[in-house]
Amino acid sequence: MTHRITIEGGGVFDVSAEESTLLRGALRAGVGFPYDCSVGGCGSCRFELISGEMETLWTTAPGLSERDRRRGKRLACQSRPLGDCTIKLRPDDEYRPPIPPRRVSAILRERRAVTADMAEFVFRTDRPADFVAGQYALLQPPGAAGMRAYSMSNLPNAEGEWRFVIRRVPGGRGSNAMFDNVQVGDAVTLDGPYGHAHFRADVPRDVVCIAGGSGIGPIVSVARAAAQDSGPRRLFVFEGARTRADLCFPVLADDARDKVTAYMPVLSAEAEASDWDGARGFVHEEVERAVGEQVESCEFYFAGPPPMIEALQKLLIVQWGVPIARIHFDRFF
Ligand SMILES: Cc1cc2nc3c(=O)[nH]c(=O)nc-3n(C[C@H](O)[C@H](O)[C@H](O)COP(=O)(O)OP(=O)(O)OC[C@H]3O[C@@H](n4cnc5c(N)ncnc54)[C@H](O)[C@@H]3O)c2cc1C
Ligand code: FES
């Protein structure tokens, strides 16, 4: 059984009655539905319900303000159609998914500690791992309400291997459930791929990858894709971490190291007394210093916590005037 969704002013698509969210159904139908995080945090997937019935999955999702709610706005990633509906939305072809998301069962094959609070989780699915480097998937941590977004750190492959670098967030329900309640051999639901901060293989510019904390996962994936590419482009990797023990790139991306033009780790809380002689401070400060006049030749990929994303947007867009089309990022809510 399907529900018919009519976009006021033009466009119709069908979603399966089993579909988990309007957003997922729209992307599976090839509709360019604007979105970003898929987990209720950013508000990019706002729309209006004109007629019909939809269930709201997370009623207090932070992606909607009180004003939005009063004006009848909803989040497509937190709405499930219960019948035929008409919605108000401006679709945008930029958001048409390169690969439609699928929902599959994934078995945890391996977990290895990378730092004190981050581990690499290796899952296997029956189907090929179909995604573009830099994208993310939604995983269902057992017992947590809602799915969590985690970015793949490997490259797409026919074997169905999906690698994620997950940080245990103090007090976080989903990430702690991933560490404590998912053992090797257990299955979780994996839904994906999602996201637009993926590697643009057809853009012949130098690649600048910038990771903050657990943002290292998609950055390793993009760096791997750029390293595989035979073009003459240069590849710069910046990694922001608190201390030397929190750096991940050298551990995770051994295979790409010799293709990296320069790897620049930056530490924000390394003890003054340590013998660290690399950069200190915030990662955007090092990007400003090191990229400088070469900005014209670069395409930027970055992922990490919201303050880092905001600092980089300010630097790249406001200060340097880099066109938005050359900037690809995921904000980890
Ligand atoms: C695009 C993207 C990619 C990401 N990639 C990574 C990655 O590679 N590695 C990594 O460690 N982290 C990543 N994150 C962050 C990750 O998704 C989680 O936010 C983080 O693990 C904290 O989750 P938590 O459950 O521990 O914390 P919590 O505070 O319990 O939950 C955090 C998030 O879970 C969702 N959530 C909470 N409650 C509900 C609910 N009732 N219903 C529905 N959703 C709810 C919300 O999005 C919330 O922001 C990514 C985030 C985004 C948006
Ligand atoms: S995509 Fe729905 S709130 Fe971010």
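**Figure 1. Tyr95 and its ring partner Tyr35 in the predicted model.** Tyr95 is partly exposed, because its relative accessibility of 23% lies between the 20% and 50% limits. Tyr35 is buried, because its relative accessible area of 3% is under 20%. The ring centres of Tyr35 and Tyr95 are 6.4 Å apart, within the 6.5 Å limit for a pair. Their planes meet at 55°, which is neither under 30 degrees nor over 60, so the pair counts as tilted. The two residues come from distant parts of the chain, with their positions 60 residues apart. Tyr35 sits in the loop between α1 (22–28) and β3 (46–51), and Tyr95 in the loop between β7 (85–88) and β8 (102–113). Together with Tyr136 and Tyr194, Tyr35 and Tyr95 form one aromatic cluster.

**Figure 2. The aromatic pair Phe121 and Phe123.** This pair is stacked, with 6.5 Å from centre to centre and 10° between the planes. Both Phe121 and Phe123 are buried. The count of aromatic pairs in the model comes to 11.

**Figure 3. Backbone at Ser38.** Ser38 has a phi near 70°, a positive value in a residue that is not glycine. Ser38 belongs to the loop between α1 and β3. With a relative accessible area of 7%, Ser38 is buried, because this value is under 20%.

**Figure 4. The cis peptide bond between Gly192 and Pro193.** Omega of this bond is about 10°. Pro193 is placed in strand β13, which covers residues 187–194.

**Figure 5. Residues 101–200 and the domain assignment.** An unreviewed UniProt entry places the feature "domain: FAD-binding FR-type" at residues 101–200. Over this range the chain is 42% strand and 8% helix, and the C-alpha atoms at its ends are 19 Å apart. The domain assignment gives domain 1 (2–95), domain 2 (102–194) and domain 3 (206–331). The C-alpha centres of domain 1 and domain 3 are separated by 34 Å.

**Figure 6. The second largest pocket, with lining residues from domain 1 and domain 3.** The volume of this pocket is about 460 Å³. Its lining has 18 residues, and those nearest the centre are Glu94, Tyr95, His196, Ile324 and Ile327. The elements that give two or more residues to the lining are α7 (306–319) and β19. Strand β19 supplies the largest share, four residues. By type, the lining of the second largest pocket divides into nine nonpolar, four polar and five charged residues. At least three lining residues come from each of domain 1 (2–95) and domain 3 (206–331).

**Figure 7. The largest cavity and its lining.** The structure holds one cavity of 30 Å³ or more. The largest cavity has a volume of about 50 Å³. Its lining consists of Gly134, Ala197, Pro218, Ile219, Val222, Tyr301, Phe302, Ala303, His328, Phe329 and Asp330. Helix α4 (216–228) and strands β18 (298–304) and β19 (327–331) are the elements that give two or more residues to this lining. The lining residues of the largest cavity are eight nonpolar, two polar and one charged.

Key:
Residues numbered from 1 in each chain as written. Chains lettered and ligands numbered in written order. Predicted model: local features only at pLDDT ≥ 70, side-chain atom pairs only at ≥ 80, totals over all residues. Heavy atoms only, no water. Phe/Tyr/Trp six-rings, centres within 6.5 Å; stacked < 30°, edge-to-face > 60°. Buried < 20%, exposed > 50% of the residue type's maximum accessible area, 1.4 Å probe, protein only. 1 Å grid on protein atoms, 1.4 Å probe; cavity = no way out; pocket = protein on both sides within 12 Å on 5 of 7 lines; lining within 4 Å. Points joined across faces, edges and corners; volume = space filled by probe spheres on them. Nonpolar A, V, L, I, M, F, W, Y, C, P; charged D, E, K, R; others polar. UniProt positions renumbered as here; feature names shortened; annotations may be inferred. Domains from an automatic or database assignment.
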